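Me: Could you walk me through this structure while I have it open on my screen? I will ask as I go.

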Amino acid sequence: MIRIDQLTKAYGHGPDAVTVLDKLDFAVDRGEIFAVVGPSGAGKSTLTQCINLLERPTSGSIVVNGQELSSLPERQLREARRRIGTVFQSASLFSRRTAAQNIAMPLEYLGVEPRETKARVAELLERVGLGHRAGHYPHQLSGGQRQRVGIARALALRPSVLLSDEATSGLDPETTRSVVALLRELRDDLDLAVVFITHEMDTVLQVADSVAKLEHGRIVESGRLVDLLTDHGSALGRALQPQLDPAPPADGARPWQVTYDSRNVPQDWLQRVSQELGEPAALLAATIQNVNGVSTGKATVGLHAASPDLVRDTFARLGLRAEPGSGRPDAGAQDTAREDAPATLEHAL
Amino acid sequence: MSIPAVIAVAIPRTGETALADLPSLLVPAYGETLTMVGIVMSIVVLVGTPLGVALHNMASGGLFENRAVYGVLSWIVNIGRSLPFLILMAAIVPFTRLITGTNIGIPAAIVPMSLAGIPFFARLVENCLRDVPRSVTQAARASGASPLQIIRTAQLGEAVPAIIGGLTINTIAMIEYSAIAGTIGAGGVGYVAVTYGYQRFDHTVMLATIVILILTVTLVQLLGDRLVRFTTPALRH
């Protein structure tokens, strides 16, 4: 496992010093994928460089399997880097080496016997599903295949921690899904602690067990993905849900924004709400998906019911949270629940 | 060296050299040119490559970032690059004599040619290394590579085609310099062109040397392009 303790990175000295990372704390267990999301400029790349020990933190520590690594002298630091495999963005492959030769690089640096290297590379190529592409050069591989080579290279020295630095950024959705599936498979088979750094919220939903939001060098919210997604109070959980563009409600009906607020929302909640309120609830927009075995999602529902409290209670009994309003970013002033608008959400983060 | 031989063949004649005599005049001269350029380029690559690597890695963002040393190195390289070759050659005569014991002939030409070629090549190498994507160097570092391994595999290894392109340019420049060095009796095609074609108005020799130089430069460029293609997988397949 990897534990980050009070990790701080500042550039410059005295009054001109810029703090890029401010006392970060988190731990990733073996067999867990921990995603760090954040907008550009939040400090993600500095965090990456600190975790794979390419940059020394100003203070704080990085502990892998109980050993503190970040304060080691340069030569030992080089050894320590081998315990953390890093998957970079696709441009990091050696362009003049084949897939097999790229994967062999860490073994070559370590001075592993050629025969042993060959066997290990063949095994890794099979593992990432590229057995038939060993002799291909990076320019002959697709983006997803290049990323698989990068993953195999990161695993060459059997690290216990895998760091993924925007590894799926720039890939098409289909390829992202397959790379993510591979990472989850490897997490299970090799019992890896995976730190997955990305700016793509939708990828987080596919890959993460836990997630932290990094903003201005601080972790502003973190937790188990499922917990965040089933907690209406979690700004990160709501931000992780896809943006919806609901249809306008029928005349006389008003829109209600519904979010999952429990792990035990019954699947037929729409019918039950309709029954209890004695009117058919109109579904104006919805996204519901299974994340790590738990249903989560959000919806916009059109209702005529006069009493807001009755509506809220009805939903609450089913583990859902209902707020009046369409949730549409452009819904404007007529929207009764303006406090739920994106601007406030931003503030809450 | 073969300068006396060249002169011996040429002296009895005045005016135009007969076509039949051209080979005996030009073949040894061509051999001298190749020798000069060959020796100079070996020295240039041997010294210029490490110098270029040092420049790249001492600049900001390099492996051994060091502003002061980079400043000094860069300044020396700039001096070497700013003097016109003819001036450089004349200015360093005492130094040349100190090293080679003479100030004429091929050995005397090799010193200024190397001094002009090394900084030129060092800058070319520095530029080639700068074009290697940073993420490749980062990947090597993260894989546990030592600084030397990073330089060998991620920097030089990735820049090979670009460096060969630079080598081609440098070689052609050295062929040109060898002709200038001909004026201090270094022999070679340049010497023949100056003494026969220029000083004696021997148009036959002048034309012949021009044709030879054009063919040589074309050939070097062709070879260089071939090598670049051969060392770049994306151009080969």
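What follows is a conversation about chains, sheets, salt bridges and rings.

Me: Before anything else, what kind of model is this, and how are things numbered?

Reply: This is a predicted model, in which local features need pLDDT of at least 70 and side-chain atom pairs count only at pLDDT 80 or more, while totals for chains, interfaces and linings use all residues. Residues are numbered from 1 along each chain as its sequence is written, chains are lettered from A and ligands numbered from 1 in the order in which they are written, and side-chain values use heavy atoms, with hydrogens and water left out.

Me: Ok, chain B then, how many helices and strands?

Reply: Chain B has 11 helices and zero strands, where helices (H or I, at least four residues) and strands (E, at least two) are DSSP runs numbered from the N terminus. Taken along the principal axes, its C-alpha atoms fill a box of roughly 70 × 45 × 25 Å.

Me: And what share of chain B is buried?

Reply: Of the 237 residues in chain B, 49% are buried, and buried here means under 20% relative accessible area, with exposed over 50% and partly exposed in between (1.4 Å probe, protein chains only).

Me: Which residues make up the nonpolar patch on its surface?

Reply: The patch is formed by Ile39(B), Ile43(B), Leu46(B) and Val47(B), which together have about 330 Å² of accessible area. Patch residues have over 30% relative accessible area and no salt bridge, with like charges joined within 9 Å and nonpolar side chains (Val, Leu, Ile, Met, Phe, Trp, Tyr) within 5 Å; the areas come from the Shrake-Rupley method with a 1.4 Å probe, and for residues only the protein chains shown count as cover. Ile39(B) is placed in helix α2 (residues 22–58) of chain B, and with a relative accessible area of 36% it is partly exposed.

Me: Switching to chain A, what is the strand order in the open sheet?

Reply: The order is β2-β1-β4-β5 in chain A, four strands with antiparallel pairing, and two strands pair if DSSP finds at least two bridges between them. The edge strands, each pairing on one side only, are β2 (18–28) and β5 (67–68) of chain A.

Me: How many bridges hold β1(A) and β2(A) in register?

Reply: Strand β1 (residues 2–11) of chain A pairs with β2(A) in the antiparallel sense over seven bridges. Among the partners in β2(A), Val28(A) is bridged to Ile2(A), and Leu24(A) to Leu7(A). The two strands form a hairpin with six residues between them, and Gly12(A) in that turn has a positive phi of about 85°.

Me: Now salt bridges, how many over all chains?

Reply: There are 22 over all chains, counting a side-chain nitrogen of Lys or Arg within 4 Å of a carboxyl oxygen of Asp or Glu.

Me: What does Arg127(A) pair with?

Reply: Arg127(A) forms a salt bridge with Asp189(A), with the closest N and O atoms 2.4 Å apart. This pair links distant parts of the chain, since Arg127(A) is in helix α4 (residues 114–127) and Asp189(A) in helix α6 (residues 173–190) of chain A, 62 residues apart. Arg127(A) counts as partly exposed, at 25% relative accessibility.

Me: And the one between Arg187(A) and Asp209(A), are its residues buried or exposed?

Reply: Arg187(A) and Asp209(A) are both buried, and their side chains meet in a salt bridge at 2.8 Å, N to O. Arg187(A) lies in helix α6 of chain A and Asp209(A) in the loop between α7 (201–207) and β9 (210–215), so the pair ties together parts that are 22 residues apart in sequence.

Me: Which residues are joined into a salt-bridge network?

Reply: Arg56(A), Glu74(A) and Arg81(A) are joined into one network by salt bridges that share partners. Within it, Glu74(A) and Arg81(A) meet at 3.7 Å, N to O; Glu74(A) counts as partly exposed at 44% relative accessibility, whereas Arg81(A) is buried at 3% relative accessible area.

Me: Last topic, how many aromatic pairs are there?

Reply: The count is four over all chains, where rings of Phe, Tyr and Trp (its six-membered ring) pair if their centres lie within 6.5 Å, with planes under 30 degrees apart counted as stacked, over 60 as edge-to-face and the rest as tilted. Tyr260(A) and Trp269(A) have ring centres 6.4 Å apart and planes at 85°, so this pair is edge-to-face. Both residues, Tyr260(A) and Trp269(A), are buried, and ring pairs link them with Phe315(A) into a cluster.
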